[in-house]
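New to this one? Take a moment to look it over, and then we'll walk through it piece by piece.

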Amino acid sequence: MSIANNSHKIKGIIMKKDTTTKQVRVRMAPSPTGPLHLGTARTALFNWLYARHFDGVFVLRIEDTDLERSDTRYEQEIFDGFKWLGIDWDEGPIAEAAQIQNSEFRIQNFKGAYGPYRQSERLDIYEKYLNQLLEEKKAYYCYCSKEELDSERKSQLSKGIQLKYSGKCRDLVLAPEGKNPEIIRFKVEDKIIEFDDLIRGKISFDSKLIGDIAIAKVLPTGFSPLYNFAVTVDDATMEITHVIRGEDHIPNTPKQILIQEALGFDIPYFAHLPLILSPDRSKLSKRYVETSLLKYRDLGYFPQAIANFIAYLGWHPKEEKDIMTLQELVSEFDIDRVQKAGAIFNEEKLTWLNAKYLNNFSDDDLVQLLVPRLIEKGIKIATGNLKRILHVEKGRMKTLNDFFELADFFFNLPEYASELLIWKNVPKEKIKENLVKISEILKKQDNSLFSVSDLEIALTPLTKEAGKGEILWPMRAALSGKRESPSPYEIAEVLGKEETVRRLEIGAKKLL
RNA sequence: GGUCUCAUCGUCUAGCCUGGCCUAGGACACAGGCUUUUCAAGCCUGGUACACGGGUUCGAAUCCCGUUGAGACCGCCA
């Protein structure tokens, strides 16, 4: 009996009903065939939020049936990416064990009662159900070659009819002479398939338009399960209650329901999330924006900001709030507030959010986060000094990596043209004189009296006399070598007396 | 081409289910201003949206129908 039969029009009610009767079990099933995609991360996050909100179980399953394209390197990236974002899994492979080459060990090391959690390790399970379908004549061997199928598709396309397998091998009694079976197909019977999507409501399909589904590849050594079949078997055997995934899977859903019915499985709830879009409204692709999750980490984004941002792509809390922690997201998340339409990925807003997060971190936290990046770049700096620089630059930083461009002058005074020192139309002789005066005053200043407020007091007579711009601009330019920077007092405090005076003298010398 | 899905400011969205409180709210971005040695931040102000057409109703962004537009999918990938 399908559990989706009690579904209601009002989505909130489905949730409440269900959670009182059965524990929520959701899953994320990425395939390790490329860098961890932002879209995958968001789907994972929604599943995770849903599980955590309803005290359910979040399962991580690795869909690596495509041996040619799967790579353990990408599997590792999934683990790393999820962990970085703050998504932990209750069941699934153990990330640490995945690095060990001994395959026996890898297979045995998972958490959860429904493992193993890699599809490549579940072949015996698929085989059992495959045989069941074959024995019950619900599936059959197909001998058509790729070329035959290709030309079939081409002619269908030119006739303007639905692209589907013709069913040529469906009723074959004997194997065609000289041919080996290529794949196993599931027989699709004529019927209307309807399901109640938690986000979109009723969706129905006419199975006449779906060709017999390829469910496994036949290999000399055995077989290799294909997506729609493997997913169905896994979701059922792992007792998944809610399938939350991207909208691009809507067309797969009737196929999976058909297989579920044929195998006597419960039909889970389905919730199809809107897609993340590129600026041209097509499916998010790297042509327009960076799609690799971990790339954002490398770029200096915070996982909290990314999580917050991608959660808001297609979902919104009841109250107006710009910033939400993972915990707040968990307590407020529900599927009935998920949007139906796709959402364009707006990098500017992400960056703005990231800057918000950055400025909420304490200086000490930022030091901790920045140190590994400095080490990686081979920059050596005392923590105390780093903290002081960070303190004056953080308001200008939007990402962690902005530090390098913004704060480089603290380490090395850049080469700059003497014109930089000129304030408005003030003659350079006057500017030179001012710089000399500033350095004379500062030379007399005690080392221990070099804070922003001390310096301000020390230079006030001069700024009053000559005007702030005429003093402060050349001073700041001489100290930073840049058009834009923190205030001269802040820079001087960080630089200390000796270096401050040295830079002022360099500046003065430039103005002959 | 077929099937399915979607449609509120440029973008993310609130409101839609349960019609009136919506002369449509917030945020990003943009423009102007304040502050200011510079840049950034901050604060203030401003402009811009219910795709279109029909219905239902005293009343529609909200309900119904159609049109248009956009997207997804149509693999021995997942």
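Before we talk about distances between domains, a quick word on terms: the domain bounds used here come from an automatic or database domain assignment. Keep in mind, too, that this is a predicted model.

For chain A, that assignment gives four entries: domain 1 (3-277), domain 2 (293-359), domain 3 (363-409) and domain 4 (418-510). Taken over C-alpha atoms, the centres of domain 1 and domain 2 sit 28 Å apart. Where those two meet, domain 1 puts in 29 residues and domain 2 puts in 26 residues. On the domain 1 side, at least two residues each come from α1 (11-21), α2 (38-53), α3 (72-85), β12 (269-273) and β13 (276-277). The top contributor there is α2, with 8 residues. Sorted by type, this side of domain 1 has 18 nonpolar, 5 polar and 6 charged residues.

Now for the RNA. Strand B has 64 residues around it, and the closest are E63, G160, Y227, A341 and S487. The surface near RNA strand B gets at least two residues from each of several elements, among them α7 (146-159), β8 (201-206), β9 (213-219) and α19 (468-480). With 5 residues, α19 supplies the largest share.

Here's how the residue types split on these two surfaces:

| Surface | Nonpolar | Polar | Charged |
|---|---|---|---|
| Near RNA strand B | 24 residues | 16 residues | 24 residues |
| Side of domain 1 that touches domain 2 | 18 residues | 5 residues | 6 residues |

Two helices are worth a look. Start with α7: at 1.5 Å a residue, its 14 residues should span 20 Å, and its end C-alpha atoms are indeed 20 Å apart. None of those 14 residues is buried, so α7 lies largely in the open. Right after α7 comes G160, with a positive phi near 75°; G160 is also among the residues closest to RNA strand B.

What about α20? This helix (residues 488-510) has 23 residues, yet its end C-alpha atoms are only 18 Å apart, short of the 33 Å that a straight helix would reach at 1.5 Å a residue. There's also a kink in α20 of about 120°, centred on G496.

Is A492, a residue of helix α20, buried or exposed? It counts as buried, because 28 other C-beta atoms lie within 10 Å. Setting aside neighbours within four places in sequence, A492 is in contact with F450, L455, L479 and T500. G178, by contrast, is 314 residues from A492 in sequence and 86 Å away in space, C-alpha to C-alpha.

Note on methods:
Residues numbered from 1 in each chain as written. Chains lettered and ligands numbered in written order. Predicted model: local features only at pLDDT ≥ 70, side-chain atom pairs only at ≥ 80, totals over all residues. Near = placed C-beta within 6 Å. Helix = DSSP H or I, 4+ residues; strand = E, 2+ residues; numbered from the N terminus. Nonpolar A, V, L, I, M, F, W, Y, C, P; charged D, E, K, R; others polar. Expected span 1.5 Å × (residues − 1). Bend = angle between axes of the 7 residues up to and from the residue. Buried ≥ 20, exposed ≤ 12 C-beta atoms within 10 Å, placed from the backbone. Contact = placed C-beta atoms within 7 Å.
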